[in-house]
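Got your viewer open and the cartoon on screen? Let's take a walk through this one, stop by stop.

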Amino acid sequence: MGPTIPPESFIDLLLDALCVVDRDGYVRYVSAASERVFGYLPEEMIGRRILDFVHPEDLEKTRQAVKEILRGELKPYFENRYIRKDGSTAHIMWSARWSEKEQIRVAVARDVTQRKRAEAMQAAMYAISDAANSSDSLPAMFRRIHQVVEGLMSAPAFMVALVDTQGGELYFPYNADRHETGTPGFSQDIGSLCEQVIRSARALLLTPGSSVAFSPQAIDTSHVEVRHHWLGVPLKSSQGVFGAIAVQRQSKSACYTDEDRELLEFVGIQVAAAVERKQMQAQLEHMARYDQLTELPNRSLVLDRIQTALARAAREVGFLAILYLDLDDFKQVNDTYGHAVADQVLQEMARRLVQGVRAADTVGRLGGDEFIVLLDGIEQPSDADSVAEKLRATLSEPYELPMASLTLIPSIGVAVYPEHGDNHEALIRYADSAMYRMKKGRPDPVS
């Protein structure tokens with residue numbers, strides 16, 4: 001028969017921590033597993049209030065659970081968070097009951113941090129993917145991702161910084177603060193901090209009063225005053241770092257930890273993929289609706305806008321006009337100077353057309369040198385002829401190109417709603433015919 005082992009030694013072998021707390025909430029006993037579960041030795045916990053170790057955001061629900069236990073209710077699966085000695089967060093599942101006779105509550109604490117972390121990361125991955133697929137814009141997607149991040153950590157302030165692919169400047173498509181106090185969440189120089197995250201391609205974790213070790217290539221940010229808990233991580237693609245996401249909370253809150261950094265880095269990987277998908281989708285949609293050479297609306301988008309304008313004009317009993325135009329003898333430009341010069345002419349023609357009409361009007365390219373202009377909501381039919389004359393003058397000015405100075409004369413046909421038709425097919429057909437009537441007998445060679 002083996003040696004007799006004292007009961008307390010059995011308890012010390014448990015992976016879960018056994019806790020005894022009195023009515024006033026003071027720890028009277030905790031087993032040796034407290035160090036593994038809570039990060040404190042038993043002697044560091046005994047004599048202290050158990051609520052002193054609870055995560056600030058879980059205090060209220062923990063107090064409510066204690067009241068229920070003191071009334072005799074069983075709590076076999078209660079979960080809350082604790083702050084370990086090293087500052088990390090522990091997710092604890094409790095099995096607890098109250099002893100009226102002994103005036104103590106006895107509870108077993110199981111560390112479920114890894115399980116909760118895995119569940120949260122999986123849920124975050126699915127939620128971010130869903131946000132990318134169902135949101136109709138990047139800001140809408142980021143609003144949903146903010147909610148996802150708040151489910152992983154305290155993130156009342158959340159922001160996204162992206163690098164403009166054209167100018168290389170930072171811009172912020174999402175920057176939200178949900179502090180109930182109304183205090184601005186990102187009160188420090190977030191541009192400099194995000195710049196550092198992007199330049200270094202590494203996470204940056206700051207606490208109030210902390211100093212920042214900037215890379216030699218970074219801009220001078222010594223003036224940044226860190227007044228809050230701040231955590232930023234880079235957004236990376238196969239082409240490099242293209243942005244950053246950051247969270248922030250007030251200085252009186254618990255600081256962010258390496259665990260929070262790992263979680264936000266995981267989120268950053270998902271967000272980077274989601275942003276790339278969203279940008280690619282937007283690019284494809286743009287390509288489907290805009291002419292690639294001139295960046296003007298293409299036939300499909302112009303027709304949509306004409307139909308919308310016609311419906312509005314019918315409701316309001318108003319006028320609109322369609323101008324159909326091309327450049328006489330444009331083919332000679334292609335034949336004489338080549339496609340590169342012809343493309344430059346078309347780009348300059350598009351620029352002049354856009355500058356020659358109102359912002360509310362639409363200029364589109366139908367193909368080749370054929371363009372169409374929608375004059376939406378004109379006061380009277382004669383306004384269309386005035387605009388046509390103005391455009392004819394500006395398009396007839398010489399096209400100063402590196403290889404030549406070209407003078408090209410436009411032909412412009414005008415159709416007015418409702419005089420020349422009550423649908424887009426009739427109006428375009430009339431304007432097209434009017435353009436060719438004007439072109440007849442007027443061959444103007446390229447000069």
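Which element gives the most to the lining of the second largest pocket? That would be α8, with 6 residues. Bear in mind as you click around that this is a predicted model.

**Stop 1: the second largest pocket and α8**

Select Leu138, Lys278, Gln279, Ala282 and Gln283, which lie nearest the centre of the second largest pocket. The full lining runs to 14 residues, and the space inside comes to about 310 Å³. Colour the lining by class and you should get 4 nonpolar, 6 polar and 4 charged residues.

While you're here, pick Met280, Leu284 and Met287 and switch on the surface: these three make a nonpolar patch of about 290 Å². Leu284 has its place in helix α8, which covers residues 258-289.

**Stop 2: the cavity**

Next, something closed off. The count of cavities of 30 Å³ or more comes to 1, and the volume of the largest cavity is about 170 Å³. To get there, select Val66, Ile69, Tyr82, Trp94 and Arg105, the residues nearest its centre among the 16 that line it. Now show β1 (17-22), α4 (59-70), β3, β4 and β5: each of them supplies at least two residues of this lining. By class, the lining of the largest cavity divides into 12 nonpolar, 2 polar and 2 charged residues.

**Stop 3: salt bridges**

There are 28 salt bridges in the count, so let's just sample a few. Start with Arg71 and Glu73, whose side chains meet at 3.4 Å, N to O. Arg71 counts as exposed at 55% relative accessibility, while Glu73 is partly exposed at 34%.

Now go to Arg84 and Asp111, a salt bridge with its closest N and O atoms 2.7 Å apart. The two partners sit 27 residues apart in the chain, Arg84 in the loop between β3 (75-83) and β4 (89-99) and Asp111 in strand β5 (residues 104-111). Is Arg84 buried or exposed? Buried, because its relative accessibility is 14%, under the 20% cut-off. Asp111, at 23%, counts as partly exposed.

Then select Lys439 and Asp328, which form a salt bridge at 2.5 Å, N to O. This pair links distant parts of the chain, 111 residues apart: Lys439 belongs to helix α13 (residues 424-439), and Asp328 to the loop between β11 (319-327) and α10 (330-337). Asp328 is buried, with a relative accessible area of 4%.

For a group rather than a pair, select Glu79, Arg115, Lys116 and Glu119: salt bridges with shared partners join them into one network.

**Stop 4: backbone oddities**

Most residues other than glycine have a negative phi, and most peptide bonds are trans. Here are some spots to check against that.

Which two residues does a cis peptide bond join? Tyr417 and Pro418, with omega at about 5°. You'll find Pro418 in the loop between β16 (410-417) and α13.

Next, jump to Gln103 in the loop between β4 and β5. Gln103 is not a glycine, yet its phi is positive, about 60°. At 30% relative accessibility, Gln103 counts as partly exposed.

Last, select Glu295, in the loop between α8 and α9 (299-316). Glu295 also has a positive phi, near 65°, and it counts as partly exposed at 44% relative accessibility.

Technical notes: Residues numbered from 1 in each chain as written. Predicted model: local features only at pLDDT ≥ 70, side-chain atom pairs only at ≥ 80, totals over all residues. Heavy atoms only, no water. Patch = residues over 30% accessible without salt bridge, like charges linked within 9 Å, V, L, I, M, F, W, Y side chains within 5 Å. Areas by Shrake-Rupley, 256 points an atom, 1.4 Å probe, with all protein chains shown as cover. Salt bridge = Lys/Arg side-chain N within 4 Å of Asp/Glu carboxyl O. Helix = DSSP H or I, 4+ residues; strand = E, 2+ residues; numbered from the N terminus. 1 Å grid on protein atoms, 1.4 Å probe; cavity = no way out; pocket = protein on both sides within 12 Å on 5 of 7 lines; lining within 4 Å. Points joined across faces, edges and corners; volume = space filled by probe spheres on them. Nonpolar A, V, L, I, M, F, W, Y, C, P; charged D, E, K, R; others polar. Buried < 20%, exposed > 50% of the residue type's maximum accessible area, 1.4 Å probe, protein only.
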